[in-house]
Amino acid sequence: MAFNATLETNNDTATITLSGELDASTAPQFKAEVEKAATQGAKRLVLMMQDLEYMASAGLRVLIFTKQKMGASADIYVVGAQEMVLDTINKTGFNQGVIIQDEYSPL
Amino acid sequence: MEPLTVPGTLDSLKPIAEYVMAAAAAAGLDKKASYNLRLAVDEIATNVIIHGYEEAGRDGNLVLQAEIDDRVLKFTVEDTATFFDATQKADPDDLDLPLEKRQIGGLGVYLAIKGVDKFLYERSGDRNRTIFIVNRFTS
């Protein structure tokens, strides 16, 4: 399935809905949306991952980029990630740097 | 399976993934093992394409070959980039650090090695040969 990333911003919360397959060839699209969100002054990034079927380390690198761009205190929510995507997030220790939720509920 | 030769560009990641998933299905791997093999091959192919070819200003292909026997799926990726032995890369030592302090590199190789039962490297003439072995039956 083709990759898609769509951004919605609401005050200081940016929501990016990801679907399809996120690899090194599609990660630039995701990165561009994060950049747009940061430019708009977002302080919180909510990633809706229910329909994201695959994520390579290129996707993890965009999460590092997000923290660098939006500031270390910016919260990243990972919402509804599928089992294998979550497995990659856990294996690499990224679970300690993001807020993992089944359904989005702001803390 | 018939080998697959693709050009060393990021557009090849998709046909590579399709070939890996076809091999995983032919070997009867479960969902998790299939996903992890696809991730492993994808990460190594990405490294070869970006670092071995694009950044080095070299053109080259990737040759993929899946072989299935009674016990294992053996998956081989060959490239003509400069010598790179992923098995010599140390595991990232910053997996506990806050994200903003983490290194960008090294994660792909780490996921590749963790994703298969055996991960091997050989140099053959002017080629790097990375070999991924996945057990077909876990018992």
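In which strand of chain B does B:Thr130 lie? B:Thr130 belongs to strand 5 of chain B. The model examined here is predicted. In this model B:Thr130 is buried, and its relative accessible area is 5%. Sequence neighbours within four places aside, B:Thr130 is in contact with seven residues that can be listed in order. They are B:Ile44, B:Phe75, B:Thr76, B:Val77, B:Phe119, B:Leu120 and B:Tyr121.

The nonpolar core was examined next. The largest such core holds 75 residues. Four of its members touch the most other members: A:Phe30, B:Leu37, B:Phe75 and B:Phe132. Helix 2 of chain B, residues 31–54, contributes the largest share of this core, with 10 residues.

B:Phe132 was then followed through its contacts. With neighbours within four places in sequence left aside, B:Phe132 is in contact with B:Leu37, B:Ala40, B:Val41 and B:Ile44, among others. Its contacts also include B:Leu73, B:Lys74, B:Phe75 and B:Val77. B:Val116, B:Lys118 and B:Phe119 complete the list. B:Phe132 is also part of an aromatic cluster, together with B:Tyr19, B:Phe75 and B:Phe119. Within that cluster, B:Phe75 and B:Phe119 are also contacts of B:Thr130.

Aromatic pairs were searched for over the whole structure. Six were found over all chains. One of them is formed by A:Tyr54 and B:Tyr35. This pair is tilted, with 5.4 Å from centre to centre and 50° between the planes. A:Tyr54 sits in strand 3 of chain A, residues 44–55, and B:Tyr35 sits in helix 2 of chain B, so the pair joins two chains. A:Tyr54 is buried, at a relative accessible area of 1%. B:Tyr35 is buried as well, at 9%.

A:Tyr77 and A:Tyr104 also form an aromatic pair. Their arrangement is edge-to-face, with the centres 5.1 Å apart and 90° between the planes. A:Tyr77 is in strand 4 of chain A, residues 75–79, while A:Tyr104 is in the segment after strand 5 (99–101) of chain A. The pair therefore ties together parts that lie 27 residues apart in sequence. A:Tyr77 is buried, at 0% relative accessibility. A:Tyr104 is partly exposed, at 30%.

A charged side chain in chain A was also placed. A:Glu33 is found in helix 1 of chain A, which spans residues 27–39. Its relative accessible area is 14%; the cut-off for buried is under 20%, so A:Glu33 counts as buried. Apart from neighbours within four places in sequence, A:Glu33 is in contact with A:Ala5, A:Leu7 and A:Ile16.

Pockets were considered next. The largest pocket has a volume of about 610 Å³. Its lining comprises 31 residues. Nearest its centre lie A:Arg61, B:Thr46, B:Asn47, B:Ile50 and B:His51. Several elements give two or more residues to this lining. From chain A these are helix 1 and helix 2 (57–70). From chain B they are helix 2, helix 3 (107–114) and strand 5 (127–135). Helix 2 of chain B gives the most, with seven residues. By class, the lining has 16 nonpolar, 11 polar and four charged residues.

The second largest pocket contains about 200 Å³ of space. It is lined by 13 residues. B:Ala33, B:Asp117, B:Val134, B:Asn135 and B:Thr138 lie nearest its centre. Helix 2 and strand 5 of chain B each supply at least two residues of this lining. The lining divides into five nonpolar, five polar and three charged residues.

Closed space was examined last. The structure holds one cavity of 30 Å³ or more. The largest cavity encloses about 40 Å³ of space. Its lining is made up of B:Lys89, B:Ala90, B:Asp91, B:Pro92, B:Gly106, B:Val109, B:Tyr110 and B:Ile113. Of these lining residues, five are nonpolar, one is polar and two are charged.

Definitions and conventions: Residues numbered from 1 in each chain as written. Chains lettered and ligands numbered in written order. Predicted model: local features only at pLDDT ≥ 70, side-chain atom pairs only at ≥ 80, totals over all residues. Heavy atoms only, no water. Core = buried A, V, L, I, M, F, W, Y, C linked by side-chain atoms within 4.5 Å. Buried < 20%, exposed > 50% of the residue type's maximum accessible area, 1.4 Å probe, protein only. Helix = DSSP H or I, 4+ residues; strand = E, 2+ residues; numbered from the N terminus. Contact = heavy atoms within 4.5 Å. 1 Å grid on protein atoms, 1.4 Å probe; cavity = no way out; pocket = protein on both sides within 12 Å on 5 of 7 lines; lining within 4 Å. Points joined across faces, edges and corners; volume = space filled by probe spheres on them. Nonpolar A, V, L, I, M, F, W, Y, C, P; charged D, E, K, R; others polar. Phe/Tyr/Trp six-rings, centres within 6.5 Å; stacked < 30°, edge-to-face > 60°.
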